[in-house]
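Thanks, everyone. I'll keep this brief. Have a look at the chain on the screen, and then I'll take you through it.

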Amino acid sequence: MNTEIIEKIETTIVDLPLKRIHKFSATTINCKSFVIVQIFTKNGIAGIGEATTPGGPWWAGEAVETIKVMIDSYLAPVLIGENALEVDALLQKMDAVAANNTFAKAALEIALFDIKGQALDVPVYKLFGGLARASMPLKWPLAQGDAKADLKEAETLMSSNTAQEFKVKMGYMTPQDDVDYIRALCQGLNNKATLCGDLNATWDELTTQKNLPALAEHGLDMLEQPIAAGDYEALARIREASAMPILADESVFSARDVNDIHKYNSADMLSLKIFKHGGLTRTNQIAQLAAAKGIACYAGTFLESSIGTAAFMQLLAAQDSIDGGNELVGPIWLADDIVEESVEYKDNHIWVKHSPGLGVTLDQDKLSHYQRV
Ligand SMILES: [Mg+2]
């Protein structure tokens, strides 16, 4: 086995422009911030990783500023001098110095896999068992907060064969306005495409129970995380009453959460994200656990750049039990990217890269250009 001793780790915060605003329940963003990680080995290999959040710490408590501090002050020091190829051992070293902080750990773990793939001259999917599929169909998140603008965007995406499935952000207006918004979108899509709604944990159980029938009647095909994380029994009661499948997102970070969701029958599907689980290894573990328990999985996103998108796609190429949907649209939605050759989208699918490592290379000029000063 080769040895790739870690010599240096650099972190850079970049702010990338967006093609359009994006509304979440808690915030609206017009640019996207990332922590870009570069890990350099003594043999001259450079691995890249990233972490990003949905516009600040409202979703999981981590923000790009805290991620950079956590890496620079606590996580990077325990990796320097270690063998980058021993990824599991290095994850345990990071856990020993910092609880939680899954976004920061994921950024480093992605870069370690990029090094390992390059050192062994294989794409990362080979490190997760090999190529089970080369592409996945794309689900696009509509999030302008204006049904007319969202429908125009959907029409453009459908006619350009970018996506035929859609998801919409809810929870930043009154429940009645949300229901009216869903009705307008479903009528506009006119059964030409599916629509899932993501409430980002903003309703309570009573509000959800009251509005479930109308959402289903208007044609919503799945409801994501209507209530706050943690109350698995309430989510189970909602699922029991719902004609639509329930997708859990904020409710599932750890393997323990998967056990609770299974125990209480709280969700039909789990949204997996590489940052909330702490990297590719642990996302793979969650997917395998969910598969063993008979729960479907969905490939969720924090709207990564091509680095995070390529990383998740490497795992998705190997782990085909995550097949409930794929919303890895970040590179299309960003107005500019920071890699030399972006992730490929065609025929309503996203495609995996086959070159060694993640398959994407950092554009150093763009890193300097978009670096936060
Ligand atoms: Mg979500």
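One term before we start: I call two residues in contact if their C-beta atoms, placed from the backbone, lie within 7 Å. And a caution: this is a predicted model.

Now the domains. The domain assignment splits the chain into domain 1, residues 6–125 + 363–370, and domain 2, residues 130–351. Their centres, taken over C-alpha atoms, are 23 Å apart. How many residues of each domain are in contact with the other? By the cut-off I just gave, 39 residues of domain 1 are in contact with 36 residues of domain 2. On the domain 1 side, the elements giving two or more residues are β1, β2, β3, α2 (87–97), α3, α4 (124–127) and α14 (364–370). Which of them gives the most? That is β1, with nine residues.

So much for the contact between domains. On to the sheet that β1 belongs to.

Three strands make an open sheet, in the order β1-β2-β3, with antiparallel pairing. At the edges sit β1 (6–23) and β3 (46–52), and each pairs on one side only. From one strand to the next, the twist averages 25°. Look at β1 and β2, residues 28–41: they run antiparallel, joined by 13 bridges. To get your bearings, find I6, which stands opposite T41 in β2.

Two helices pack on this sheet. Helix α1, residues 64–79, touches β1, β2 and β3. The direction of α1 makes about 160° with that of β1. Helix α3, residues 102–120, touches β2 and β3. The direction of α3 makes about 155° with that of β3.

Next, the core. The largest nonpolar core has 110 residues. Those with the most contacts inside it are V37, I67, I71, A107, A111, L270 and M313. Which element supplies the largest share? Helix α3 does, with 11 residues. Both domains take part: the core draws at least three residues from each of domain 1 and domain 2.

Take one of those core residues, L270. Leaving out residues up to four places away in sequence, L270 touches A248, V252, V258, I261, A290, I295, C297 and Y298. Two names on that list, V258 and I261, take us to helix α9.

Helix α9 covers residues 255–264, and its buried residues are D257, V258 and I261. Why do they fall on the same side of α9? Because they cover an arc of only 105° around the axis. The general point is simple: an α-helix has 3.6 residues a turn, so residues three or four places apart point the same way. On the other side of α9, R256 and K263 are exposed. What covers the buried residues? The cover includes α8 (232–241), β9 (246–248), β10 (269–272) and α11 (280–292). Just after α9, N265 takes a positive phi of about 55°.

Last stop: a parallel pair. Strand β6, residues 165–169, pairs with β7 in the parallel sense, over five bridges. One position to mark is K167, whose bridge partner in β7 is C196. Is β7, residues 194–198, mostly covered or mostly open? Mostly covered: four of its five residues are buried.

That's the tour. Questions, please.

Notes. Residues numbered from 1 in each chain as written. Predicted model: local features only at pLDDT ≥ 70, side-chain atom pairs only at ≥ 80, totals over all residues. Pairing = 2+ DSSP bridges. Axes fitted to C-alpha atoms, helices over the stretch in contact; angles between N-to-C directions. Buried ≥ 20, exposed ≤ 12 C-beta atoms within 10 Å, placed from the backbone. Arc of directions from axis to C-beta. Core = buried A, V, L, I, M, F, W, Y, C linked by C-beta atoms within 7 Å. Domains from an automatic or database assignment.
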